[in-house]
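Work through the exercises below with the sequence and the 3D structure at hand. Try each task before reading its solution.

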Amino acid sequence: MTQMKQKHTIAIVAGGDSSEHDVSLRSAAGINSWLDRDRFDVYIVEVSHDGWFAHLSDGTHSPVSRHDFTFDDHGRSVTPDYAYITIHGTPGEDGVLQGYFDLLGIPYSTSNVLVEALTFNKFMLNQYLKGFGVRVAESLLIREGQHIADADIVERVGLPCFVKPNAGGSSFGITKVKQAADLQPAIAAAFKESSEVLIESMLCGTEISNGVYKTRRSSHVLPITEVVTHNEFFDYNAKYNGQVEEITPARLSDDTTNRVQALTSAIYDILGASGVIRIDYIVSNVDGKDVINLLEINTTPGMTATSFIPQQARAAGISMTDMLTDIIADKLHLNFD
């Protein structure tokens, strides 16, 4: 590694085109508060259909050129050295921005195009990981223009079941369906968020979430968080409006904790992931034994003050500043020792 000689410019890329645009900006604010200003100059770059804009220190916005990802800061041309992507949904969580930054030769915080596209597509991800022995819920996929009769859905996945957008975040367009008559309205709601709809059997048990990040020099599987919500499921209000109890570390046996963390590390390696990701599971009790079922993988996990990753980092005794510095330095080949 080479010794850092000057500050590097970090663009926290946030916003996006999904319903989680505003949540992404809250994650960006969290990351912005943790980044080490002695080592980095930091800008938040907000992207959307309406344009790309860098947030400047005086509260004004500067248009970002999509040709080379540059912008003007009061007469000074800025070209970021690194993109910290914290978009929840398209185009930051599905490989689109990753391909753009690859073309420009700008390092970024997430996994590569293939991994992002795969993990963004919940159905394809589950089918892929099943081949490695990972347990997942029974599911089926519906694309726009297709129709599956209610009776066929019930026969395949049973009731209750979850109907959700197949590509997108996990906060909008999700319905827990308890009776067949509610299936088609739930499917219609999910189609508003994605061109594909995933219908999954309901897994009963304890919902948990486990973060992990790795660099060339170290591996950090974080403590597990147990999710206890009084809502029907871990929805938007539970995630972002405090309607949930989050217990870190989770109330699991040592054996189950070790198995979950080992699986989290293995999935990270199977995918060839980069940066920090969060993997969600349901732990079911089957014949007196804890069985670990994969729910989904989030490659741009929330970074708000109440998000899981900051909670788990605190429980592990890892500062968010140190975590983010490690992740950025790994891609930029910097040595801060």
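**Exercise 1. Helices on the sheet**

Task: In this predicted model, find which strands helix 1 (residues 21-34) lies across, and give its angle to strand 2.

Solution:
- Step 1. Helix 1 lies across strand 2, strand 3 and strand 8.
- Step 2. The helix runs at about 155 degrees to strand 2. Angles over 145 degrees count as roughly antiparallel, so helix 1 is roughly antiparallel to strand 2.
- Step 3. Helix 10 (residues 320-332) also packs on the sheet, where it touches strand 2, strand 3 and strand 8. The direction of helix 10 makes about 135 degrees with that of strand 8.

**Exercise 2. The sheet itself**

Task: State the order of the strands in the open sheet, and say which are the edge strands.

Solution:
- Step 1. The sheet has five strands in the order 5-4-3-2-8, and their pairing is mixed.
- Step 2. Strand 5 (61-63) and strand 8 (82-85) each pair on one side only, and these are the edge strands.
- Step 3. From one strand to the next, the twist averages 30 degrees.
- Step 4. Within the sheet, strand 2 (residues 8-15) pairs with strand 3 (residues 40-48) in the parallel sense, over eight bridges. Gly15, for example, has Val47 in strand 3 as its bridge partner.
- Step 5. As background, strands of a sheet pair through backbone hydrogen bonds, either parallel or antiparallel.

**Exercise 3. A covered strand**

Task: Describe how strand 10 (residues 161-165) pairs with strand 11 and with strand 12, and say how many of its residues are buried.

Solution:
- Step 1. Strand 10 and strand 11 (residues 175-177) run antiparallel and are joined by three bridges. Here Val163 stands opposite Thr175.
- Step 2. Strand 10 and strand 12 (residues 196-201) also run antiparallel, with five bridges between them. Here Cys161 has Ser201 as its bridge partner.
- Step 3. Five of the five residues of strand 10 are buried, and the strand is described as mostly covered.

**Exercise 4. Two helices in contact**

Task: Find the angle between helix 4 (residues 122-130) and helix 8 (residues 254-271), and say which residues meet.

Solution:
- Step 1. The two helices pack at an angle of about 105 degrees, and their axes are 12 Å apart.
- Step 2. Angles of 65 to 115 degrees count as roughly perpendicular, so helix 4 is roughly perpendicular to helix 8.
- Step 3. From helix 4, Leu125, Tyr128 and Leu129 meet Ile267, Ile270 and Leu271 of helix 8.
- Step 4. Sorted by class, this contact has six nonpolar residues, no polar residues and no charged residues.

**Exercise 5. Aromatic pairs around Tyr100**

Task: Classify the ring pair of Trp52 and Tyr100, then that of Phe69 and Tyr100.

Solution:
- Step 1. The model has eight aromatic pairs. Planes over 60 degrees apart count as edge-to-face.
- Step 2. The rings of Trp52 and Tyr100 have centres 5.3 Å apart and planes at 85 degrees, so this pair is edge-to-face.
- Step 3. Trp52 lies in strand 4 (residues 51-55) and Tyr100 in helix 2 (residues 96-104), so the pair ties together parts that are 48 residues apart in sequence.
- Step 4. Phe69 and Tyr100 are 6.2 Å apart from centre to centre, with 75 degrees between the planes, and form an edge-to-face pair. Phe69, in the loop between strand 5 and strand 6 (71-73), is 31 residues from Tyr100.
- Step 5. Buried means under 20% relative accessible area. Phe69, at 1%, is therefore buried, and Tyr100, at 16%, is buried as well.
- Step 6. Ring pairs link Trp52, Phe69, Tyr100, Phe101 and Tyr108 into a cluster.

**Exercise 6. Backbone details**

Task: Which peptide bonds are cis at Pro91 and Pro249, and what is the phi of Phe69 and of His333?

Solution:
- Step 1. Thr90 and Pro91 are joined by a cis peptide bond with omega about 5 degrees. Pro91 lies in the loop between strand 8 and helix 2.
- Step 2. The bond from Thr248 to Pro249 is also cis, with omega near 0 degrees. Pro249 is in the loop between strand 15 (245-247) and helix 8.
- Step 3. Phe69 is not a glycine, yet its phi is positive, near 60 degrees.
- Step 4. His333, also not a glycine, has a positive phi of about 55 degrees. His333 is in the loop between helix 10 and strand 18 (334-335), and it is partly exposed, with a relative accessible area of 37%.

Note on methods: Residues are numbered from 1 along each chain as its sequence is written. This is a predicted model: local features need pLDDT of at least 70, side-chain atom pairs count only at pLDDT 80 or more; totals for chains, interfaces and linings use all residues. Side-chain values use heavy atoms; hydrogens and water are left out. Two strands pair if DSSP finds at least two bridges between them. Helices (H or I, at least four residues) and strands (E, at least two) are DSSP runs, numbered from the N terminus. Axes are lines fitted to C-alpha atoms, for helices over the stretch in contact, and angles run from 0 to 180 degrees between N-to-C directions. Contact means heavy atoms within 4.5 Å. Buried means under 20% relative accessible area, exposed over 50%, partly exposed in between (1.4 Å probe, protein chains only). Angles under 35 degrees count as roughly parallel, over 145 as roughly antiparallel, 65 to 115 as roughly perpendicular and the rest as oblique. Ala, Val, Leu, Ile, Met, Phe, Trp, Tyr, Cys and Pro count as nonpolar, Asp, Glu, Lys and Arg as charged, and the others, Gly among them, as polar. Rings of Phe, Tyr and Trp (its six-membered ring) pair if their centres lie within 6.5 Å; planes under 30 degrees apart count as stacked, over 60 as edge-to-face and the rest as tilted.
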